[in-house]
Every structure is written in C-alpha cells, then in structure tokens.
Amino acid sequence: MSSHPPTNDNAMAVRQRAEGLLRRMTPAEKVGQLTQYFYFGSVSDQESPDGSGPLPQPDVIEAALRRGEVGSLLFVTDPAETNRLQRIAMEETRLRIPLLFGFDVIHGYRTVFPVPIGMAASWDMQLIERVQSIAAREARAVGIHWVFAPMVDIARDPRWGRMIEGAGEDPYLGAAVAVAQVRGFQGDAVGQKERLISGPKHFAGYGASLGGRDYDEVNLSDYELWNVHFPPFEAAIKAGCGNVMSAYMDLNGVPATGNNWLFSQVLRKTWGFDGFVVSDANAVRDLVTHGFARDLSNAAVRALNAGVDMEMAIADPAFESLPSALESGQFSENDLNASVLRVLEAKVRMGLFENPYVDQSRAEEVLGDTRHRTESRIAAERSEVLLRNEQELLPLNVHEWSSIAVIGPLADSKRDTVGPWVFDFNQDETITVLDGLREKAGDRVTISYAPGIRRAHRAFPSMFDMFPGNIPDQQPDFDDDVEFQRAVKLAADADVAVIVLGEWQNMIGENASRSSLELPGRQLDLLKAVVGTGTPVVMLLMNGRPLDLRWASDHVGAILDIWYPGSMGGHAVANLLFGDVSPGGKLPFTWPRSVGHIPMIYSHTTSQQPEKQAHRYWDEESTPLYPFGHGLIYAGFEYSRLSLDRSSIRAGESLRVSVDVKNTGYREADEVAQLYIHQRYGASSRPVRELKGFQRISLSAGEVRTLGFTLGPDELRYWNAASKVWTIDATTFDVWVGGDSTALLSTSFEVADS
Ligand code: BGC
C-alpha cells in the first residue's frame with residue numbers, strides 16, 4: 001500500500017482539510033476523535049492489565065465507534081481485524097473519519113531486536129535508526145500507524161524496571177538514541193511510506209520515581225529537568241516526532257498528565273511541538289486517584305486544559321464527560337478544536353483518508369523478510385557488552401576444546417530471549433543461546449545442556465500475565481537437587497562452561513521494580529558450584545538493568561552482557577563466543593556494586609573531598625563495579641595525540657577536537673571513542689565529567705584513525721538554576737577522550753566572554 005500524504009510543505013492544505021471536517025463535527029464526535037480504546041478482541045473477558053476492572057467488551061467499543069466516538073484503537077495487530085474495524089469507521093460512521101491504530105512496538109514487531117537498553121549499548125545510531133525502521137515496516141504491514149516509542153526517560157535507578165526500555169542514565173547519549181529512534185520509526189516527517197508516527201514517552205521525569213518504585217512520585221528540580229531529563233525529549237521533538245505521551249506520576253506535586261507547565265509551556269511554547277499529546281493508559285482517570293481532580297469530569301477538563309489531546313482509556317474514558325463540561329462552560333471550544341485538529345491532521349498526514357486499509361496480502365511477505373532477521377542478529381552482536389575477560393578466555397579456544405556445557409534455564413528459553421514488550425514474536429524463528437551454540441558448533445564441538453535450576457519467578461503477578469507465554473510454567477516434575485547436580489557434573493566434565501543467568505523477562509519492565517539487584521533464586525549458588533568445578537566459566541547475563549555481580553566479577557573468567565538479545569540472539573552470542581565478531585558494546589549506565597549504591601552516576605558534581613570519592617561508605621568502596629561507557633574488546637585500543645584547533649574560544653563559538661585511535665590488537669574490532677568535558681568553575685558547579693561526543697568505529701589490526709569532534713554552544717551550555725536560562729560560562733574546560741568515562745588522555749581550553 002502506498003499512501004501519498006501531503007508533505008510538510010503544504011501544512012496549510014492539511015490544516016484546511018482538517019478544519020473542513022471539524023466544522024461538521026458535533027461535540028460528541030470531536031471528543032470521539034480524542035478517545036483511544038484498548039481493543040483486546042478475544043481476550044476481552046479478562047481483567048484489565050492494570051487491575052482497574054474488567055476490559056471493555058468489543059461490542060461496546062464497536063457501538064461507540066459506529067456513533068463516531070472513537071478516534072483510535074490500540075492493541076489490534078491482525079490485519080484482517082484492522083480492516084474490519086476500519087471499515088466500520090469508513091462505512092458506518094457519519095463523517096467517515098478513519099481510525100488511527102496504535103501499538104507498543106518497542107524493540108521490534110515480528111522480528112525482535114535487543115531490548116532498548118541493549119540497543120543503546122551499541123552506541124551505534126545508524127544501527128538503531130535502521131532497526132526501528134524495520135520495526136516500523138513490519139508494524140505498518142499489519143495496519144499499525146503509530147508507535148508508543150521511543151521511551152526516552154532517563155533512568156538512574158536500576159530498581160526501576162522500566163530502565164530496560166530506555167537508553168540509560170545519560171542525557172547526551174539519551175538524546176542521540178531518541179533522535180535515531182524517531183527517525184527510524186517515522187522517517188523525516190509524519191506520513192512516510194512504511195513508517196509510523198513516533199510518540200516519545202513518558203513526558204516527563206518518570207524515570208526518577210521515589211525508591212525506583214514504578215509510578216511513585218517524582219520530585220525533580222528545574223535544574224535536573226532541564227539538564228538531565230528534558231534533553232532526550234527536546235531532541236525527539238526537533239527530530240519531528242508526531243506525538244508525545246504523558247507520564248503517570250506526580251511531578252513536583254502535580255500529576256504529569258494534568259501538568260499545564262509541561263505541555264503548554266515547555267513542550268509547545270518553548271520547543272514548538274505541533275503534534276498531538278496522548279495520555280498514558282488511564283492516566284486521565286488517574287488524576288482522580290492521585291487526589292488531584294475532584295471527579296472524572298474534572299479530570300477530563302484538567303487534562304485537556306493542561307494540553308493532553310487524546311485520552312488512552314482502558315475502559316470508561318473520562319473524556320466522555322467533555323461534551324457536557326463544554327456545555328456548562330468549563331473549558332473553551334477553541335481548546336477542544338485545537339486538540340481535534342491535531343489528531344485529524346495526523347490522520348491526513350498519514351494518508352488514511354485516501355488509504356485507510358492495510359494490504360492483507362502483503363503482510364506475510366513483509367513479516368517474512370529474512371533481511372530483517374539478519375539485522376536482528378547484527379543488532380544483537382553490536383549491543384552486547386564484554387564486562388570481563390580474564391586471560392583472554394574469550395573468544396573460546398575452539399581449536400583445542402571439544403566440549404561446551406551450556407547451563408541455566410535462560411539458555412534455552414525463547415520467551416526470555418526476546419525480552420519484555422513483545423507480543424507477536426514467532427517462537428519457531430527465535431534462536432536461543434543453546435540453539436545458536438549448537439548450530440555454530442556443528443560437529444566440531446560437543447554441546448551439552450542442563451538448566452540446573454528452575455526458571456525464576458516473580459513474587460507477584462505481572463500486568464502482562466494475560467498475554468500468551470508470559471507466565472513461566474511451574475515445572476512440577478523438576479527435581480531441584482537432581483537437576484542442580486546434573487548441571488554441575490556437566491560443567492565438571494566439559495572443557496568450558498557457558499552459564500546463562502539473569503532475570504526472567506517478566507521480572508523487568510513496567511510494574512516490575514525490585515528492591516534488590518541480586519541474581520534471582522538459586523542462580524548464584526549454581527554459579528558458585530559451576531565455578532567450583534575448576535572448568536573455565538563464561539557467564540552470559542540476560543538483563544535490562546545492572547545486577548549484583550560482586551562475586552561473579554571476582555571469580556568468573558568472562559562475563560558478557562547479552563541483554564535480552566532478540567529473535568536472533570543465539571546466533572549473535574555464538575558469533576561473539578567463537579570469535580567471528582568482536583564485542584564492541586559499551587555500558588549506557590554506571591554499574592553499581594550493590595543496591596545500596598543507588599543512585600550512582602558518573603556525572604556527579606565533585607565534593608569538598610574529591611580525593612575520597614571512593615570511600616563514601618565505610619563498608620564498601622563507593623566506586624562503580626564497571627564505569628559508564630565500559631566494554632572490553634578482543635583487541636586493544638590506544639588513544640594519542642589529543643589536540644584542539646584552538647586553545648581559546650568565545651562563548652557561542654566552536655572548536656574541533658582531534659585524537660588518534662589505534663587498534664593495537666591482532667584482529668579487526670570496533671571501539672566506541674567517547675569524549676567527556678568538565679567545566680572547572682562558573683555560575684554553577686558542573687559535573688566532574690559529561691559525555692559530549694562519541695563515535696563507534698571499526699579498525700583493522702594495527703590501523704590508526706584520526707577522529708574529529710566538535711565542541712560548540714550545544715555542548716558547552718547548561719541550564720542555570722539561578723538565572724533560569726541556558727548559560728555558557730567564561731571558564732576553563734577539561735576534555736578527555738577514551739574508551740570509557742574514566743579516560744585519562746586529556747587537554748583543556750578556555751572560553752572567554754562573548
Ligand atoms: C505504559 C505505556 C504504554 C501503554 C500502552 C502503559 O501502561 O506506561 O508505556 O505505551 O501502557 O500499552
């Protein structure tokens with residue numbers, strides 16, 4: 001299906017068309033366009049995933065649709081069903097306004113890519129853009145128009161399960177990843193072929209919930225909002241995203257979904273956002289739960305007045321009361337019209353009036369495209385991070401070793417391999433670590449397997465339990481002691497053991513905060529027993545947040561963080577372990593030693609005792625286990641000749657930084673060169689280091705490359721809490737370039753008053 005939507009050049013024509021429709025709409029129809037329902041079809045006899053009551057029945061939603069009171073649906077992914085519902089909108093409603101279908105396509109649709117935190121660990125923006133364009137292509141092929149992604153919330157507390165959905169702790173990396181994802185999903189503008197509307201979320205500050213407990217209140221100073229939490233949103237808006245989603249929690253005492261300052265002042269006035277804003281699921285109703293709105297009608301009015309255009313509703317939308325609130329003058333019809341126009345314009349831009357239906361015959365062909373699987377493998381290879389590699393245990397010495405014991409239930413779990421936020425993956429196509437190693441080993445090496453322990457369980461039910469495959473089976477016949485011993489014996493008898501540990505995918509994600517970072521269940525016992533056999537051990541970690549690796553990082557030969565690697569994860573792992581590919585991923589967060597370290601970030605300000613920074617706790621070192629940006633390679637890189645083209649600039653000017661990077665190893669490998677700055681003094685005290693540039697490069701053995709970076713106003717400014725404006729101080733800046741946030745090679749320059 002090809003649509004020919006108007007481009008940005010004829011924004012006037014888009015507006016006129018939307019206005020033409022608006023003039024003919026009743027208040028109920030207008031509010032209908034601002035209403036989005038979950039539509040679960042056959043599973044609708046269940047409780048809603050957030051526990052707010054039974055899901056609405058399909059016939060109730062369809063009746064509302066026929067009345068012209070539904071603007072959008074989410075969770076419809078069967079193209080035949082999409083077309084059936086769209087036909088109701090196009091043929092049975094008075095104004096024939098097409099539906100917009102939205103969905104959570106977070107890290108792939110049929111082809112699943114590594115989870116977002118893993119993709120961020122690739123530091124490869126082209127890759128991220130490419131894989132999200134594939135996700136968009138597949139999703140569009142089944143009739144989806146709009147994706148609730150990327151999640152660009154900065155996460156500095158790994159207890160918060162949604163850390164997995166974002167790009168980690170850093171605003172600079174976070175902004176770059178946000179832009180790459182928006183471009184991948186959406187292209188240059190709303191309405192491109194095989195692309196979707198991209199909706200960054202959750203505006204704003206959601207990642208900073210008290211205690212890392214999902215949905216709990218957030219208290220952030222303006223300083224932190226502007227310098228840390230807003231930059232990825234601003235970057236996504238500059239990249240042209242067509243939508244933004246609100247957040248659930250209270251932000252500084254006002255629920256984000258009722259926060260006029262966020263939407264009217266920051267989003268629209270300051271950044272010029274002209275797309276539409278959707279609430280998070282049921283977040284408008286939640287304004288009552290928060291003790292903010294008096295009742296549902298008050299919640300609807302206050303959300304709309306705050307700048308939320310569309311309500312995402314699981315059932316009984318609060319917006320239903322807007323027509324009568326309008327009649328009683330509780331808000332202006334102009335405000336209502338402005339919101340409706342934004343939604344109609346999105347539909348016009350997407351070409352839905354001309355091409356409302358999806359071509360069912362093409363869906364399978366697009367979903368079956370094998371090039372997508374290849375990209376999934378490459379994405380997994382490039383995202384994995386080698387945390388530790390003592391005595392070059394990796395790559396595996398397959399010339400001398402002939403047997404590998406694969407241990408751990410995660411090694412053979414398709415559901416875990418693809419990770420959370422996946423609903424339509426294909427089991428048969430998914431390659432687990434065990435599958436990948438078996439295929440790679442062929443006849444050369446014997447692969448044996450034992451799970452050793454049961455799958456770990458959550459202590460509480462998950463909101464995703466209603467979706468197939470999400471509840472781990474109880475394994476009633478599993479004999480814990482026998483299986484444990486069998487795994488240890490297998491390891492003892494093998495040349496090398498590959499043990500796959502981490503969190504069951506349902507232990508992380510939304511509504512999956514943890515109060516500890518320990519390996520779940522008996523995993524650490526199993527690891528100790530396997531290491532105790534004396535067989536060299538490679539540990540693969542499946543995770544979306546740092547886990548407590550204090551024991552492992554002292555005793556295990558090699559640790560490779562594979563995240564939840566996606567459909568082709570097993571092939572990627574096999575290629576890395578066998579040395580076909582060198583790992584090149586780097587951590588997008590600081591790895592704490594234990595949960596007591598949280599929050600721990602590399603870009604903290606200095607204290608009055610900087611020399612004692614490592615001894616802030618008397619019972620444990622206060623340095624990270626692994627620093628931000630850390631990641632080893634099967635090679636070595638050397639940085640030299642760091643230089644600047646000018647030693648002094650005026651505020652507002654730029655300078656160029658250059659550095660030589662040499663691959664001193666024996667093979668081709670990738671490196672992520674990272675540039676950090678520090679402002680020595682000024683109107684605020686600024687972090688000891690801040691990432692302000694990076695490049696992922698591939699160098700052959702012995703190759704030297706000169707890299708260039710620009711430092712200019714965007715990199716040197718910060719939002720000044722005292723004057724409440726963006727500021728560039730006249731000061732001295734230190735610059736470091738290297739392979740992680742502890743890089744030593746440095747220089748400095750001056751900024752003079754402009
Ligand atoms: C999540 C959003 C998601 C929405 C729709 C909410 O619970 O917070 O991130 O897009 O559900 O599935």
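Start by measuring across the predicted model: the C-alpha centres of domain 1 and domain 2 sit 35 Å apart. To colour the chain, use 11-364 for domain 1, 384-585 for domain 2 and 637-752 for domain 3.

Next, select the places where domain 1 and domain 2 touch. On the domain 1 side you should pick up 36 residues, and these are in contact with 31 residues of domain 2.

Now hide the cartoon and go for the ligand. Where does the ligand sit? Switch on cavities and you'll find the ligand in the largest cavity.

Show the shell around the ligand as sticks: 15 residues, with D104, R162, K201, H202 and D280 coming nearest. Colour that shell by residue class and you get nine nonpolar, five charged and one polar.

Time to zoom in on some side chains. Pick D280 first: an N or O atom of the D280 side chain is 2.5 Å from an oxygen atom of the ligand. Then click R162, where a side-chain N or O atom lies 2.7 Å from a ligand oxygen. Move on to H202: here a polar side-chain atom is 2.7 Å from an oxygen atom of the ligand. How much of the ligand does the protein bury? On its own the ligand exposes 310 Å², and 97% of that is buried by the protein.

For a last view, keep the ligand on screen with D280, R162 and H202, whose side chains each place an N or O atom or a polar atom at 2.5 Å, 2.7 Å and 2.7 Å from a ligand oxygen, in that order.

Terms used. Residues are numbered from 1 along each chain as its sequence is written. This is a predicted model: local features need pLDDT of at least 70, side-chain atom pairs count only at pLDDT 80 or more; totals for chains, interfaces and linings use all residues. Side-chain values use heavy atoms; hydrogens and water are left out. A residue is near a molecule or strand if one of its heavy atoms lies within 4 Å of it. A polar contact is a pair of N or O atoms within 3.5 Å; within protein, one must be able to donate a hydrogen and the other to accept it, and residues adjacent in sequence count only if both atoms are side-chain atoms. Accessible areas come from the Shrake-Rupley method with a 1.4 Å probe; for residues, only the protein chains shown count as cover. On a 1 Å grid over the protein atoms alone, a cavity is a set of points where a 1.4 Å probe fits but cannot get out, and a pocket is an open set with protein on both sides within 12 Å along at least five of seven lines; lining residues have an atom within 4 Å of a point. A molecule sits in a cavity or pocket if more than half of its atoms lie within 2 Å of its grid points. Ala, Val, Leu, Ile, Met, Phe, Trp, Tyr, Cys and Pro count as nonpolar, Asp, Glu, Lys and Arg as charged, and the others, Gly among them, as polar. Domain bounds come from an automatic or database domain assignment. Contact means heavy atoms within 4.5 Å.
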